[in-house]
Amino acid sequence: MGYFASLNPATLLSSMPAGIAQGLIWGVMALGVYITFRLLDIADLSVDGSFTTGGAVAVMLILAGWNPWAALLASLVVGLLCGTATGILHTLLGIPAILAGILTQFALYSINLAIMGMKANQAVSVDKFSLSISSRRVPPAIATGVLLIFVIICILYIYFGTESGSAMRATGCNPEMSKAQGINIGFMKILGLAISNGVVAYAGGLMAQFQGFADINMGRGAIVIGLAAVIIGEVLGEALLGKYLNFFGRLSFVALGGVIYYLVVVLVLWMKLNSNYLKLLTAVVVAVFLAVPYLRSHSKASFKRAEKNARRADGKGGRSAEKGEEP
Amino acid sequence: MSAAMLELRHISKTFNPGTINEKRALCGVDLVLEEGDFVTVIGGNGAGKSTVLNAIAGVWPVDEGSILVGGIDVTGLPDYKRAALIGRVFQDPMTGTAATMQIEENLALAARRGKRRGLRWGVTRAEREEYRERLRILELGLEERMTAKVGLLSGGQRQALTLLMATLRKPKLLLLDEHTAALDPKTAEKVLNATEKVVGQEHLTTLMITHNMRDAIHHGNRLIMMNEGKIALDIRGEEKKNLTVEDLLHKFSVATEEEFSNDQALLSR
């Protein structure tokens with residue numbers, strides 16, 4: 001019982017607000033991941049690199065005297081370039097999307113170090129600079145996070161309703177059809193990857209300011225966290241709203257998925273799990289949720305079930321099998 | 001006055017050149033379609049029917065020869081650029097539409113074929129009315145389900161929708177690649193009738209592949225039979241009107257000095 005006695009609910013409660021604030025930043029990143037993963041049907045691994053790039057760019061520019069908000073915009077632009085690189089590797093050079101993402105991520109490791117002046121981390125103190133968002137000022141951080149997410153969702157919602165956005169959704173859904181309807185699918189993929197990585201890098205810039213430093217490893221596993229947020233958000237959204245879940249709601253739940261993901265992390269850490277196991281835990285959660293739709297469809301129509309049905313029919317003297325009756 | 005809507009000038013294509021799988025799929029095909037021609041294409045497996053259509057659509061570049069659609073040389077253009085001039089319906093009903101998008105969104109994508117896709121709204125209120133009218137022609141009740149996801153429709157419905165999308169903005173050329181082959185006979189007939197209606201109304205220049213000889217004879221004003229990457233027979237006018245399956249088989253054996261004994265073609269007589 002010593003373990004439970006050592007857990008203090010008050011500590012959990014007090015760490016929640018900061019958890020929500022940080023979760024909102026993961027929510028921003030999840031919106032970027034959603035674009036490639038769900039709309040373009042690409043699991044883009046370059047986000048592990050571009051998240052860090054966004055953080056590195058923001059911190060170095062703030063240290064150089066830039067306004068923190070302007071620095072975030074620069075993160076966004078650099079993220080667009082990262083995504084463009086992946087897109088060009090994939091479309092113009094014919095490299096499979098997963099591998100193209102890995103190559104960009106790998107190259108970005110060097111680039112990120114170079115951005116940070118060949119150092120593994122760079123600090124930016126909220127005492128010296130008026131940062132956009134900081135873990136030292138949690139209530140305004142939450143407000144900023146919510147506002148930013150709202151603005152980003154609005155922009156994405158409007159964009160994917162336009163001609164260009166519709167063409168991008170069609171590209172992800174059915175490339176053959178898209179080509180027959182005159183859509184340049186290569187360009188659409190590059191554009192989608194660029195926007196996605198732009199949003200992810202923006203989130204990286206926010207994260208670096210929030211925690212007060214950029215670190216070469218801050219983006220490690222970002223894709224898995226993003227996928228976790230997307231999946232958690234979608235499952236929750238579909239459970240709560242069902243068929244009333246429109247695109248705006250879906251994006252909102254994806255962002256909320258980021259918050260829930262991080263609150264679970266806070267909870268797990270509060271339960272004194274060795275933080276080393278967090279990545280394992282996240283991977284297991286993502287694997288389970290990705291597998292569920294597949295397993296569910298197979299439980300309805302599996303060979304095992306067919307065999308079982310046939311056996312049952314034989315047991316009745318094979319008559320129902322002859323008639324083809326449903327059991 | 002009629003103008004050539006499609007001109008194939010001696011096009012050739014070899015797949016996997018220099019390998020053990022080398023296949024000369026098209027050997028110098030020449031073909032001219034006048035405006036309003038409705039040409040049916042038949043031939044055995046590997047005769048080059050689909051290859052011709054894919055060459056015209058620009059799925060890959062041809063090795064030799066040139067392709068003109070509506071008087072424009074498209075030989076050097078990729079498929080998505082040729083789409084401005086060409087409407088396509090595929091064999092697989094899943095290929096022609098985007099399943100996760102709404103019926104009206106699919107139509108709106110088709111309406112913008114060959115145009116710049118910018119930041120204007122993807123579907124406007126004015127065009128919704130137009131789509132409703134167009135969908136009514138199909139007599140499938142789709143005009144009442146315009147915001148339904150296309151993935152919910154049956155194969156026949158999806159194929160009819162694809163046909164509508166291919167002809168929503170009058171194409172210079174309509175390519176139909178065995179577009180009823182994957183449907184049950186009853187649905188296939190419905191889609192064929194809808195095809196006939198749309199092609200007639202819009203006076204579309206059409207190239208339709210079929211594996212069904214009777215359909216090939218019954219529809220269109222001209223019939224082409226392909227064999228070994230070449231056009232073996234080209235029948236039009238009065239001769240086409242009075243054609244029977246027996247005539248066709250006879251003409252084929254005379255033209256190629258071999259029996260037309262493809263199982264598939266025989267079975268679908």
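## Helix packing and contacts in chain A

Helices α10(A) and α12(A) are oblique to each other. The model is predicted. The first exercise traces that orientation.

**Exercise 1.** State at what angle helix α10 and helix α12 of chain A pack, and explain why they count as oblique.

*Solution.*
- Step 1. Locate the helices: α10 covers residues 222–241 of chain A, and α12 covers residues 278–300.
- Step 2. Take the geometry. The two pack at an angle of about 45°, and their axes are 9 Å apart.
- Step 3. Apply the cut-offs. Angles under 35 degrees count as roughly parallel, and 65 to 115 as roughly perpendicular. The angle of about 45° falls in neither class, so α10(A) and α12(A) are oblique.
- Step 4. Add the hand: the crossing of α10(A) and α12(A) is left-handed.
- Step 5. List the residues. From α10(A) come Val224(A), Ile225(A), Leu227(A), Ala228(A), Ile231(A) and Val235(A). From α12(A) come Thr282(A), Ala283(A), Val285(A), Val286(A), Phe289(A) and Leu290(A).
- Step 6. Sort them by class. The contact of α10(A) with α12(A) has 11 nonpolar residues, one polar and no charged.

**Exercise 2.** Describe how α3(A) and α9(A) cross, and give the residue classes where they meet.

*Solution.*
- Step 1. Helix α3 spans residues 47–63 of chain A, and helix α9 spans residues 185–211.
- Step 2. Their axes come within 7 Å and cross at roughly 50°. α3(A) and α9(A) are therefore oblique to each other.
- Step 3. The crossing of α3(A) and α9(A) is right-handed.
- Step 4. On the α3(A) side, the residues include Ser50(A), Gly54(A), Gly55(A) and Ala58(A). On the α9(A) side, they include Ala201(A), Gly204(A), Gly205(A) and Ala208(A).
- Step 5. By class, the contact of α3(A) with α9(A) has 11 nonpolar and nine polar residues, with no charged ones.

**Exercise 3.** Decide whether Gly23(A) is buried or exposed, and find its contacts distant in sequence.

*Solution.*
- Step 1. Place the residue: Gly23(A) sits in helix α2 of chain A, residues 9–39.
- Step 2. Count its surroundings. Gly23(A) has 26 other C-beta atoms within 10 Å. Burial requires 20 or more, so Gly23(A) is buried.
- Step 3. Set aside neighbours within four places in sequence. Gly23(A) is then in contact with Gly258(A), Val259(A), Tyr261(A), Tyr262(A) and Leu263(A).
- Step 4. Compare sequence with space for Ala255(A). Gly23(A) and Ala255(A) are 232 residues apart in sequence, yet 8.6 Å apart in space, C-alpha to C-alpha.
- Step 5. Set this against the chain. Of the contacts in chain A with a separation of 6 or more, 80% join residues 24 or more positions apart. Of its 327 residues, 45% count as buried.

**Exercise 4.** Work out which helix gives the most to the side of chain A that touches chain B.

*Solution.*
- Step 1. Start with the totals: 19 residues of chain A are in contact with 25 residues of chain B.
- Step 2. Two helices of chain A, α7 (163–173) and α8 (175–180), each supply at least two residues of that side.
- Step 3. α7(A) gives the most, with eight residues.
- Step 4. The side of chain A that touches chain B divides into six nonpolar, nine polar and four charged residues.

**Exercise 5.** Find where pLDDT stays under 50 in chain A.

*Solution.*
- Step 1. Take the average: chain A has a pLDDT of 92, and 96% of the residues score at least 70.
- Step 2. Look for the exception. pLDDT stays under 50 over residues 318–327 of chain A.
- Step 3. Check their contacts. The model has eight for this stretch beyond four places in sequence.

Notes. Residues are numbered from 1 along each chain as its sequence is written. Chains are lettered from A and ligands numbered from 1 in the order in which they are written. This is a predicted model: local features need pLDDT of at least 70, side-chain atom pairs count only at pLDDT 80 or more; totals for chains, interfaces and linings use all residues. Axes are lines fitted to C-alpha atoms, for helices over the stretch in contact, and angles run from 0 to 180 degrees between N-to-C directions. Helices (H or I, at least four residues) and strands (E, at least two) are DSSP runs, numbered from the N terminus. Angles under 35 degrees count as roughly parallel, over 145 as roughly antiparallel, 65 to 115 as roughly perpendicular and the rest as oblique. A crossing is left-handed if the near helix is turned anticlockwise from the far one by less than a right angle, and right-handed if clockwise. Two residues are in contact if their C-beta atoms, placed from the backbone, lie within 7 Å. Ala, Val, Leu, Ile, Met, Phe, Trp, Tyr, Cys and Pro count as nonpolar, Asp, Glu, Lys and Arg as charged, and the others, Gly among them, as polar. pLDDT is the predictor's confidence in each residue, from 0 to 100. A residue is buried if 20 or more other C-beta atoms lie within 10 Å of its own, exposed if 12 or fewer, and partly exposed in between; C-beta atoms are placed from the backbone.
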